[in-house]
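Trainee: I've got a new model open and I'd like to practise reading it. Can we go through it together?

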Amino acid sequence: MLSVAEAQQAILSQIKRLEPETVRLLEAQDRVLAEDVLADTALPPFDNSAMDGYAVRAADLIGAAPDRPVRLTVIADIPAGHPTEVEIVAGTAARITTGAMLPRGADAVVPVEDTNDNARGASALLKSVAIYRAVKSGAHVRLIGSDVPRDEQVLSANVLIRPAEIALLSAVGYSRVKVYRRPQVALLATGDELVAPDGQPGPGQIRNVNEYSTAALVQRYGGVPLLLGIARDRTEDVAAKLEEAIGQGADLIVASAGVSVGAYDVVKDAVRAHGSIDLWKVRMRPGKPIAFGTYRRVPFFGLPGNPVSAMMTFEQFVRPVLRIMSGFTSWQKPTITVTLLEAIESDGRETYARAWVERRDGIWIARLSGGQGSNMLHSLARANALVIVPDGIIHLDAGAAAQAQMLDWPEEVAAWS
Ligand code: AMP
Ligand code: MG
C-alpha cells in the first residue's frame, strides 16, 4: 500500500496542465497567468503632482518662511485630467491637484497647507498665492516611470493573479489576459441507498452528500463542477454516467463510493471497461480505499463513500491535480506547527485529525473538534484544520508539537465553542 506522498507523486506524474485561454480581466482572478506581461506605458505615464497645492519652481522659494512668505502670481489652474501648455516662469505658480500633469518649468509642488489658499475645493483661483515654506526641487512630484519604466516586464507567466496583479494589469492596459483554463470536473455519486438532498430518505436510505461536498471543493479550488447525479450500484448505471462525463468534455472524473471490497462495489469494473485503475488504497486515515486511473484517457478518481473520507482524500489527492491542471507550479498545502491540547491516537496510517486551531499566548494550539469517525460530518464543520499524525506514528501526546494543514484561518470562521 502506498503512503500519501507516494500516491500523490504517482498520481501527479500522470497529470498535465490544461491549455491557456484568454479571458476578461476580472475572470482571471485566482487563476495562473499564462503569458509574460509588458508595460505598454511607463507608470506613472507622466510627471505629476503627489499633492493638492501649487506647481512652482523650487528656486523661487529659497528662504520662504511663515514670517517671510514668498508671493507668486497664479497663471493657471490644472485639475487632474486637464493638462496645460502654460509654462511656469520665475515668479509664477499654477494651482494643481493630485495626479495632474506637472506643467513645463515647474520642478516641485507646494502642498496647499503651506500657502494662504484656504483650499475650499473649487473655490475661485487666487490672483497670487503666498507660500510659507521652501521646497526642494522634485518635492511632491511623481516622476514618469518611477514605478514602472515603459516596456518593463511587470509580471511573468505562472504567477497567481490576485487583486494586486489585477491592479497592475489594468494599469498597463491588459483588459484581457491569458490564463490557464479551469478544469471541468464531472462528479458522480454511487449507491443504491442515496436520495437527493431535497428528497425524504426512506428506510435504509441517506441523502447524497458527496456530490455536493466534492462540488464545493471543486469550486473552492478553481474548477468547474459538472454534476452527474446518482448512479445505482450496477456496472451499467456507472458506465452510463462515465460516458456522460466524457460527452460533457470533462477534464477529470471524480466518483465517490463503490470502490471498496463490498459485493456491490462496481465502480472499478465500470472504469476498467474503457480504462484502467492504476492505484487503489493508500495508507491514510480517514480514506484508505481511493482509486485512481483513467477512463477513456480522462483521469479518474474513485473516492471513498464515507463523506469525511471523500473530502479528506479530495484535499490530499484531487486538490493537487486541480492545481497542476490549472497551471500552478506548486501544490503542497502549507502547514503550520501547532501544540496539541490533547493526545491523538492513530493506527499507523497517516492520519488527518479534524481540529480547531487558534493562536493563544503567542503559540498555535490545536484541539480535536469532535468524533473522528469517517462518516462524522459535524466535527468537520467544527474544524478549521487537519492535524497530521505522520505515517508510522500511533500516538501523539498532549503538549506535543504537530503539523496542521489549515482549512481556514480562525479569523475567517467562527469558533464552535
Ligand atoms: P461504499 O464505499 O459504497 O462502501 O460506501 C461507504 C459509506 O459511505 C456507506 O455508509 C455509504 O452509505 C456512504 N456513502 C456512499 N456514498 C455517499 C454519498 N454520496 N453521500 C453520503 N454518504 C455516502
Ligand atoms: Mg456502496
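Trainee: Which residue in strand 20 is the bridge partner of Ile253?

Mentor: Keep in mind that this is a predicted model. Strand 16 (252-256) holds Ile253, and four bridges join strand 16 to strand 20, the two running parallel. Look across from Ile253 into strand 20, and its bridge partner there is Phe300.

Trainee: What is the strand order in the open sheet of six strands?

Mentor: Start from the edges, strand 15 (224-231) and strand 17 (275-280), each of which pairs on one side only. The pairing is mixed, and the twist averages 20° from one strand to the next. Read across, the order is 15-12-16-20-19-17.

Trainee: What angle does helix 6 make with strand 20?

Mentor: Helix 6 (307-325) packs on the sheet, where it touches strand 12, strand 16 and strand 20. Compare its direction with that of strand 20, and you get about 165°.

Trainee: Which helix gives the most residues to the largest nonpolar core?

Mentor: That core has 38 residues, and Leu252, Phe301 and Phe317 have the most contacts inside it. Helix 1 (4-12), helix 3 (210-220) and helix 6 are among the elements that each supply at least two residues. With 11 residues, the top contributor is helix 6.

Trainee: Which residues of strand 16 (252-256) does Phe301 touch?

Mentor: Leave out residues up to four places away in sequence. The contacts of Phe301 then include Ile11, Phe317 and Val321. From strand 16 (252-256), the residues it touches are Leu252, Ile253, Val254 and Ala255.

Definitions and conventions. Residues are numbered from 1 along each chain as its sequence is written. Chains are lettered from A and ligands numbered from 1 in the order in which they are written. This is a predicted model: local features need pLDDT of at least 70, side-chain atom pairs count only at pLDDT 80 or more; totals for chains, interfaces and linings use all residues. Side-chain values use heavy atoms; hydrogens and water are left out. A nonpolar core is a set of buried Ala, Val, Leu, Ile, Met, Phe, Trp, Tyr and Cys residues joined through side-chain atoms within 4.5 Å. Buried means under 20% relative accessible area, exposed over 50%, partly exposed in between (1.4 Å probe, protein chains only). Contact means heavy atoms within 4.5 Å. Two strands pair if DSSP finds at least two bridges between them. Axes are lines fitted to C-alpha atoms, for helices over the stretch in contact, and angles run from 0 to 180 degrees between N-to-C directions.
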